Amino acid sequence: MTASHKALKWSASPAAGSGRWDDLMSMFGRSAAVFCILSGPEHVLEAANPAFFAAIGSDRARTGVPIAEVMPGLAEQGFVALMDDIYRTGRAYTAADTRVMRVVGDSSREAFFDFTCEPQRDDAGEVVGITVVGVETTQGKNAQRLTAEHRALLEQIARDQPLEQILEGMALILEEQSPDLIVSVLLADPDGAHLRHGTGPSLPDFYNEAIDGISVGEGVGSCGTAAYRREPVIATDIGTDPDWRDFRDVAEAAGVAACWSTPILGTDGVLLGTFAMYHRRPCLPQDVDLALSAAFTRTAALAIERHRVQQARAAAEAKERAARHDLAFILEASTELARDLDVDETLHHLARLAVPALAPMCVVDVICTGRIVRAATAAGTKAQEDLLAAWSPVEEKTMARLLARGITEVIQSPPTVPGPWRRLGVTGHLCVPLVDRGRVLGALTLLATDERPLDDRSVALAQELALRAAATATNAYQYTQRVQLAHDLQAGLLLPDLPEPPGATVASCYEPAGEGLEIGGDFYDLFRLDDDRWAFMIGDVCGRGAVAATMTGLVRHTVRAVARLRCDLVAIADAVNTALIERSAQHELSFVTLVYGELRPSAGRLNVELIRAGHLPPLHRRADGTVEALHIPGMLLGAGPDPDIEPHKLVLESGESLVMVTDGFTEARSPDGDLFGDERLVAALTARGPGELTAQDALDAITDGLGAFIAGCDDSDDDRAALVITAT
């Protein structure tokens with residue numbers, strides 16, 4: 001027997017007060033506090049209460065051996081050295097929340113204790129042992145840690161951390177608190193009919209894969225059943241539970257024997273998923289397990305609802321971005337299509353807009369005189385465009401259906417007609433009719449590949465693009481026709497090449513306002529009356545378009561008809577005035593400004609007689625460079641019965657010019673808004689200095705002067721016409 005045992009035996013004798021040990025054992029025997037008595041310098045476990053054995057593990061509980069053998073690992077954690085110090089110094093030791101790793105079998109578990117170590121002495125005052133009294137604080141410590149971890153989870157949810165990260169962190173927190181516990185979360189599909197894998201970090205992959213996608217229904221494991229019933233389902237023994245009959249083998253392979261699952265419900269009662277706690281042996285859940293399950297189920301519900309809100313917001317934002325992008329595409333496409341009022345350019349723009357925005361390749365076909373004609377192609381390379389130009393991707397039957405029904409066709413396969421579709425990688429095609437006002441003009445065909453398949457967005461945008469392109473093409477065609485008509489009518493009202501009287505040179509110009517879509521009101525004319533007499537005129541009628549055309553024709557033909565009757569100039573003006581007044585009685589008021597004159601060449605000069613009816617004064621440029629404005633009296637024609645016309649005569653010597661313009665010249669404005677005016681018109685002629693000018697030189701002088709004045713910024717809505725006659 002060792003010395004320590006002898007001392008203990010001696011101190012335990014009645015004479016030595018052995019009742020002290022018995023009193024301590026009776027005090028702590030049934031207590032939840034941990035109590036043990038260690039004797040001697042080897043700290044032999046002499047006695048301990050059941051709470052001590054429960055704390056260290058009953059399989060190691062024995063007395064009569066050193067405490068280091070009863071609880072392996074104490075030496076490494078410094079507790080044996082602590083006992084040695086207490087035994088040597090006789091000083092008591094108290095500690096709080098001390099971490100102790102308890103080794104049980106092949107595993108170790110963490111525990112926390114508040115304890116006091118007090119030295120025990122014999123009658124001589126020598127230390128013969130140590131009394132250890134402690135309280136396990138593991139649950140309190142774990143509760144504090146769990147609270148902190150739970151708070152961290154809520155902060156992650158508030159910061160919109162990824163749902164997978166939050167759920168996995170939650171599972172690991174619970175599994176760390178209870179090493180025997182395994183946590184799994186399944187997420188409900190949007191339709192609520194199936195459950196998908198959410199997290200299960202400690203479950204084998206094959207098990208997570210096996211339960212991924214299980215149905216929500218009665219008897220579908222604990223999770224499927226809990227989701228169906230909307231209430232917790234507890235399987236204490238998976239091996240015998242009827243709800244697990246279809247999953248028993250995979251559960252056994254995964255090493256799980258018990259499972260209790262709780263449905264995760266949203267604030268509106270919608271199923272969000274299930275929260276499951278597994279054990280590796282059959283068992284019933286404790287109250288703490290149920291409390292943890294309820295608490296973390298609510299946390300999971302918060303995280304999943306937040307995630308769904310994020311997904312819905314992200315989907316809405318993505319949809320909004322896509323809508324804005326598509327709208328911008330359509331608006332830009334509309335601008336591009338309308339940029340050139342030319343049918344061919346419009347169709348080429350259509351093809352270029354579709355590639356690559358909607359498809360990797362496309363063709364545009366139109367109906368021309370009853371035949372289908374390839375109008376445009378677009379692809380990633382010139383070689384692909386050449387192939388598309390040589391082969392038609394649409395068979396005649398398909399085109400006939402498009403023309404007859406005007407309905408889009410989506411075909412998820414290559415064209416059936418012969419062609420280089422395999423070389424081009426074509427896997428599908430979309431045919432959209434070009435329809436405007438119920439009339440099919442042709443078709444837009446998009447060709448898809450594996451890399452760029454057709455989708456609903458491409459179809460919708462192609463239909464909208466085709467609709468706008470058809471309308472633009474129709475407008476361009478109508479515009480072209482109207483411009484051509486206006487040009488044809490204007491050409492009929494203006495002589496393309498003016499004749500030149502003997503002894504004179506003649507120059508003229510006409511500039512329509514805007515795009516020249518409407519016929520202008522300005523006109524001029526020069527024609528022979530007889531062998532030695534020529535007539536000229538320049539004028540401006542009110543209005544544009546058809547009204548201007550009819551009035552111009554009326555004035556010209558009236559003048560030509562009356563002048564050939566050898567009437568005097570006043571009679572000619574009266575005839576025009578009468579014709580306009582008679583027209584106004586049946587139509588709207590008709591006003592005309594006019595300069596009319598007659599030329600009679602003689603030796604080296606031109607004898608001129610003219611009248612002015614409300615028109616700009618003609619300009620007489622002399623050879624010395626001076627210019628005189630001929631302010632001849634006369635009212636505009638069509639305003640009243642007596643225009644008060646007076647004839648005027650002058651002689652143009654060689655090199656002298658008679659310059660006549662319409663108010664489109666004088667009323668043109670500079671970028672600053674100033675009018676060109678009469679003075680600048682005269683200045684443009686005098687700027688050439690003294691000397692003879694040809695008619696073209698005089699015309700160039702006024703047009704160059706006007707061009708410099710407006711500097712390319714002319715926004716006038718009035719036509720311009722000029723007629724120059726120069727004596728030779």
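This passage describes the overall make-up of a predicted model and then looks at a few of its helices, strands and salt bridges.

The protein chain contains 21 helices and 26 strands. Of its 728 residues, 47% count as buried. The chain exposes about 34,900 Å², and carbon and sulfur atoms supply 53% of that area. Among contacts with a separation of 6 or more, 60% come from residues 24 or more positions apart.

A good place to begin is helix H9, which spans residues 221–229. Here 7 of the 9 residues are buried, so the helix is largely enclosed by the rest of the structure. The buried residues are Gly-221, Ser-222, Cys-223, Gly-224, Thr-225, Ala-226 and Ala-227. Their packing partners are strands: S6 (181–188), S7, S8 (214–215), S9, S10 (258–265) and S11 (271–279). Just after H9 comes Arg-230, with a positive phi near 60°.

Two of these strands deserve a closer look. Strand S7 covers residues 194–199 and includes Thr-199. With a relative accessibility of 5%, Thr-199 falls in the buried class. Leaving aside residues up to four places away in sequence, Thr-199 touches Leu-167, Glu-168, Ala-171, Val-183, Ser-184 and Val-185. Strand S9 (residues 233–235) holds Ile-234, which is partly exposed because its relative accessibility is 40%, between the 20% and 50% limits of that class. Together with Leu-284 and Leu-290, Ile-234 forms a nonpolar patch on the surface, and the three share about 280 Å² of accessible area.

Next comes a pair of helices, H7 (residues 163–177) and H11 (residues 287–337), whose axes come within 10 Å and cross at roughly 170°. This angle makes H7 roughly antiparallel to H11, since values over 145 degrees are classed that way. On the H7 side, the contact is made by Leu-163, Ile-166, Leu-167, Met-170 and Leu-174. H11 contributes Leu-292, Phe-296, Ala-300, Ala-303, Ile-304 and His-307. Leu-167 thus appears twice in this picture, as part of the contact with H11 and as a residue touched by Thr-199.

Turning to charged side chains, a search of the whole structure finds 20 salt bridges. One of them involves H11: the side chains of Asp-326 and Arg-457 meet with an N to O distance of 2.9 Å. Asp-326 lies in helix H11 and Arg-457 in helix H16 (residues 456–493), so the pair ties together parts that are 131 residues apart in sequence. Asp-326 is buried, with a relative accessible area of 15%, whereas Arg-457 is partly exposed at 32%.

Another salt bridge sits within a single helix. Asp-85 and Arg-88 both belong to H5 (residues 79–89), where they are 3 residues apart, about one turn of the helix. Their side chains meet at 2.7 Å, N to O. Asp-85 is partly exposed, with a relative accessible area of 28%, while Arg-88 is exposed, at 59%.

A further salt bridge joins Asp-365 to Arg-374, with the closest N and O atoms 2.4 Å apart. Asp-365 is buried, having a relative accessible area of 2%, and Arg-374 counts as partly exposed at 24% relative accessibility. Elsewhere, salt bridges with shared partners link Asp-525, Arg-556 and Arg-560 into one network.

Terms used
Residues numbered from 1 in each chain as written. Predicted model: local features only at pLDDT ≥ 70, side-chain atom pairs only at ≥ 80, totals over all residues. Heavy atoms only, no water. Patch = residues over 30% accessible without salt bridge, like charges linked within 9 Å, V, L, I, M, F, W, Y side chains within 5 Å. Areas by Shrake-Rupley, 256 points an atom, 1.4 Å probe, with all protein chains shown as cover. Salt bridge = Lys/Arg side-chain N within 4 Å of Asp/Glu carboxyl O. Helix = DSSP H or I, 4+ residues; strand = E, 2+ residues; numbered from the N terminus. Buried < 20%, exposed > 50% of the residue type's maximum accessible area, 1.4 Å probe, protein only. Axes fitted to C-alpha atoms, helices over the stretch in contact; angles between N-to-C directions. Parallel < 35°, antiparallel > 145°, perpendicular 65-115°, else oblique. Contact = heavy atoms within 4.5 Å.
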